[in-house]
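Visitor: Please take a close look at a single part of this model. I should like one connected account of it and of its surroundings.

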Amino acid sequence: MAPLRFAVVSSVLLALCAAPAGAFPLIDSSEETHASVCIGSSDTPERLIEICGIALSGSGHTSEELARMEESLGFAYYETDRLEEARAVFEATLARDPDEDRAIRGLGWVLHDEGDYAAAAEQFRRALDISASASGLAGLGLSLWDLDEIDFDELMTYLDAALAINPDYHWARREKGWRLLEVDRAEEARDLFATFLEEAPWDANALAGLAKSYKALGEHEKVIEQTGRALEDDMDRAYFLDLRIGSLFVLERYRQVIRDADALVEASPETHEGYIWRARAMSELGRGSDALAYLASAEEILGPDIFVVYWRAKLMMHHGQYEKAALQIGRNIAGDEVDTYDYELLGYIEYNRKDMAAARRAIDHSLELDATNASAVLLDAILMLQEEAGVEAALPRFEEAMALGLSRNGISEFAGELVGAGYFMHAIAIRAKHPG
């Protein structure tokens, strides 16, 4: 494509990237221009949106400069989760030059993050037909993995090939770690993230990966250590607070949970996590009524949040308020976003109310939505003890729950149900097999 003396930028693109009033000056170096900073992507995504907007509103750009600035702007939108605007930028580039591989790759990433993996794979293939690139290889591999068209080792081959093209492609290195976590290879993920952080201690994504690896390995003290490091360095406060709170809760440090939950609510008052963690900790400290009142006030702030509704119902059940709990979770079940956990909770509520038929209906609905829900499978096994299927069917069903990752509490629960049903020897055998 021949260079343009004066590039024409579409009115749609100019409208997308127009800088807000009062945004000047963004560049205070006499050696840089808006165009040079935009082309080099040498600023934060938020600032690049403004900087590239200013640069693109100018004239005199060659076609190569224009494509690189649009690439930078598109990925700045992409990195700030403004996918529709990112798509508009990449499509504006492709309207001018359908073979601009950088814009094709950018559109591929937008499609991938929107969940259209088949369309994303098609775009990445198109881009790779034009030129080999680390981003194109990684995007194609990830899209095929998400489509279940390649196995894990093949995905790793794609990512390794991307790193062979560009050893400094940090995203691909980190992605290997996250995908190792996805297939329960937490030790390998931990080692990868730890090595990466020796080279780039500032990388919040890798630090999150290391903390998540320790969490998967059950090393909660190390999770607290790594999240504390992130918070000291002023990384994503809400994300790392939420991660630390989870480990504090497992370690039963409920007063610390409350302190961190308050900080999380302050950092992210529009999301439900902080409110729910605080209420759960209050409940564990014997303040059930206060916890329920707190979640009621949270719903006044957040509106009918499905997670707040769920946890209000769950705490009501834990405190013996079964009728209120059933009405509460019924709000989610009547909605459009009902999931396996809503029906599972209703199943446990009805079981506690001694309505076995209602519990059976609820748990069957739960398992229809997700047959891998370990807690739902556990209740299925418990119900079998009361039904015609009996202990002969319940025992192998319990083992299925164990294979799905049932918690230690679930083992105790099932052993207790066996004792309650008179199956003392079976309960002893379960405890011997699964000491917990």
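**The cross-link and its setting**

Guide: In this predicted model, Cys38 and Cys52 are joined by a disulfide, with an S to S distance of 2.1 Å (the term denotes a pair of cysteine sulfur atoms within 2.5 Å). Because Cys38 belongs to helix α2 (residues 34-40) and Cys52 to helix α3 (residues 45-56), the pair ties together parts 14 residues apart in sequence. Helices are DSSP runs of H or I with at least four residues, numbered from the N terminus. The link between Cys38 and Cys52 is right-handed, at 110° about the S-S bond. Cys38 and Cys52 are both buried (under 20% relative accessible area with a 1.4 Å probe, protein chains only). One disulfide is found in a search of the whole structure.

The two linked helices also meet a pocket. The second largest pocket holds about 1,300 Å³ of space, and 35 residues line it, with Phe75, Tyr78, Glu79, Trp171 and Arg174 closest to its centre. Both α2 and α3 are among the elements that give two or more residues to this lining, as are α4 (63-79), α6 (101-113), α8 (134-146), α10 (170-182) and α12. Helix α4 gives the most to the lining of the second largest pocket, namely seven residues. A pocket is an open set of points on a 1 Å grid over the protein atoms alone, where a 1.4 Å probe fits, with protein on both sides within 12 Å along at least five of seven lines; lining residues have an atom within 4 Å of a point. Its volume is the space filled by probe spheres set on points joined across faces, edges and corners.

Residues are numbered from 1 along each chain as its sequence is written, and side-chain values use heavy atoms, without hydrogens or water. Local features need pLDDT of at least 70 and side-chain atom pairs count only at pLDDT 80 or more, whereas totals for chains, interfaces and linings use all residues.

Notes. Buried means under 20% relative accessible area, exposed over 50%, partly exposed in between (1.4 Å probe, protein chains only).
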